[in-house]
Structures are given as C-alpha cells and as structure tokens.
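Me: Could you walk me through reading a structure, one feature at a time?

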Amino acid sequence: MAELYNKQKIYEFLNEKGIVYEKMEHDAVYTMEEMDAAGITQKGTVCKNLFLRDVKGKVHYLVTIPEEKKVDLRDLAEQIDSTKLSFGSAERLMKYLGVTQGSVSPLGILNDESESVIMVFDRDLVGDTAVGVHPNDNTATIWLDFKDLKGIIKQHGNEIIFAKFTK
C-alpha cells in the first residue's frame with residue numbers, strides 16, 4: 001500500500017498542483033457543534049461527510065454536504081440508484097479512505113487506490129468558492145473552491161454523483 005495522504009501530504013499535493021487554499025489549524029473537532037464553537041464555520045461552507053455502504057457492503061459512498069443539510073438514507077439510495085444504505089464501519093473507513101472517524105473528508109478519496117468509492121456531492125456545492133473540509137485530519141480545516149475539490153476527485157478517477165439534500 002502506498003503512503004497515505006495525511007495532513008502534510010495533502011498540503012504538499014495541493015501546493016504541487018497549484019491549487020489555491022486557505023488552511024486553519026485548530027484543536028481536534030468531532031462534531032459540527034465543536035466546529036461552530038471553534039469559529040471554523042465563519043469562513044465559508046463547512047461540509048459534513050458520511051461514509052456509507054450498500055446493503056451487501058460491495059459499494060461504498062462518500063457523501064459531502066453543507067453542514068446544515070440533512071441526509072435521508074432512503075431518499076439518497078433512490079437518488080443514486082443504490083440498495084439500502086448504512087454507515088460504513090471504522091475498519092472500512094480506514095481500508096478505503098485511510099482516515100479515522102472524525103477526520104472523514106472528500107480528500108480521503110486520494111487514499112482510495114482501487115478508485116471504488118463513489119463520491120456524492122450536494123448539488124448546492126456547485127459554484128461555491130469557499131468549501132471547508134479536513135485535510136484527512138480533524139486538527140485542521142482547509143478552504144478551497146468547489147471546482148478544485150471536484151477536479152481533484154475526478155482526476156483521481158473516482159465516480160462523482162450529485163444529489164439533492166434538504167435543510
């Protein structure tokens with residue numbers, strides 16, 4: 001297995017690609033409430049990320065949506081033409097994205113050597129110029145343009161699906 005994209009390697013990757021981003025180092029945060037309390041949500045659209053699997057555990061999805069949105073797993077399964085969805089285990093999260101719970105990020109896709117995790121974005125992120133995600137570590141948040149984030153995932157080779165979520 002290749003070296004995982006940890007926080008430092010994410011910064012190096014973004015710099016090498018010439019992707020403009022702003023980083024904010026902070027204490028470890030595990031919930032959106034902790035992010036609010038740390039002032040992280042003031043800079044732009046902070047995203048929450050869910051690692052899901054289909055009923056047989058054969059297909060995995062990484063869902064990234066603005067913090068105020070809700071995920072209805074039944075509705076999402078319909079939108080993305082999946083069987084029943086449930087949360088992936090900590091073991092699956094490490095196996096596919098190389099991250100631990102609390103540090104889930106769309107940038108974890110860079111650790112998906114099999115390119116098998118399907119990325120699901122909220123449609124409302126399109127056009128957003130300040131999307132906040134962890135650099136695979138919950139002690140920092142980086143802000144970047146959604147088009148750059150989408151480009152990273154697309155270039156890596158993972159499938160991208162857009163879905164509609166409600167507040």
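The dialogue below goes through a helix, the cores, a lysine and a pocket.

Reply: Gladly! This is a predicted model, in which local features need pLDDT of at least 70, side-chain atom pairs count only at pLDDT 80 or more, and totals for chains, interfaces and linings use all residues. Residues are numbered from 1 along each chain as its sequence is written, and side-chain values use heavy atoms, with hydrogens and water left out.

Me: Let's begin with a helix. Which residues of α4 are buried?

Reply: An α-helix has 3.6 residues a turn, so residues three or four places apart point the same way. In α4 (helices are DSSP runs of H or I, at least four residues; strands are runs of E, at least two; both are numbered from the N terminus), the buried residues are L93, Y96 and L97. Buried means under 20% relative accessible area, exposed over 50%, and partly exposed in between, with a 1.4 Å probe and protein chains only. L93, Y96 and L97 lie on the same side of α4 because they cover an arc of only 85° around the axis, taken from the directions from the helix axis to the C-beta atoms. E91 and K95, on the other side of α4, are exposed. The buried residues of α4 pack against β2 and β3, and just after the helix G98 takes a positive phi of about 65°.

Me: How many residues does the largest nonpolar core have?

Reply: A nonpolar core is a set of buried Ala, Val, Leu, Ile, Met, Phe, Trp, Tyr and Cys residues joined through side-chain atoms within 4.5 Å. Here the largest has 30 residues, and L97, V133, I142, L149 and I152 have the most contacts inside it. Elements giving it two or more residues include α1 (7-17), α4 (90-97) and α5 (146-156). Apart from it lies another core of 14 residues, among them L50, I65, V120 and I161.

Me: Is K69 buried or exposed?

Reply: K69, in the loop between β3 (60-66) and α3 (73-79), is buried, with a relative accessible area of 3%. Its side chain makes a polar contact with the side chain of D124 (2.6 Å); such a contact is a pair of N or O atoms within 3.5 Å, where within protein one must be able to donate a hydrogen and the other to accept it, and residues adjacent in sequence count only if both atoms are side-chain atoms.

Me: Which element supplies the largest share of the lining of the largest pocket?

Reply: Rolling a probe the size of a water molecule over the atoms shows where empty space is left. On a 1 Å grid over the protein atoms alone, a pocket is an open set of points where a 1.4 Å probe fits, with protein on both sides within 12 Å along at least five of seven lines; lining residues have an atom within 4 Å of a point. The largest share, six residues, comes from β2.

Technical notes. Contact means heavy atoms within 4.5 Å.
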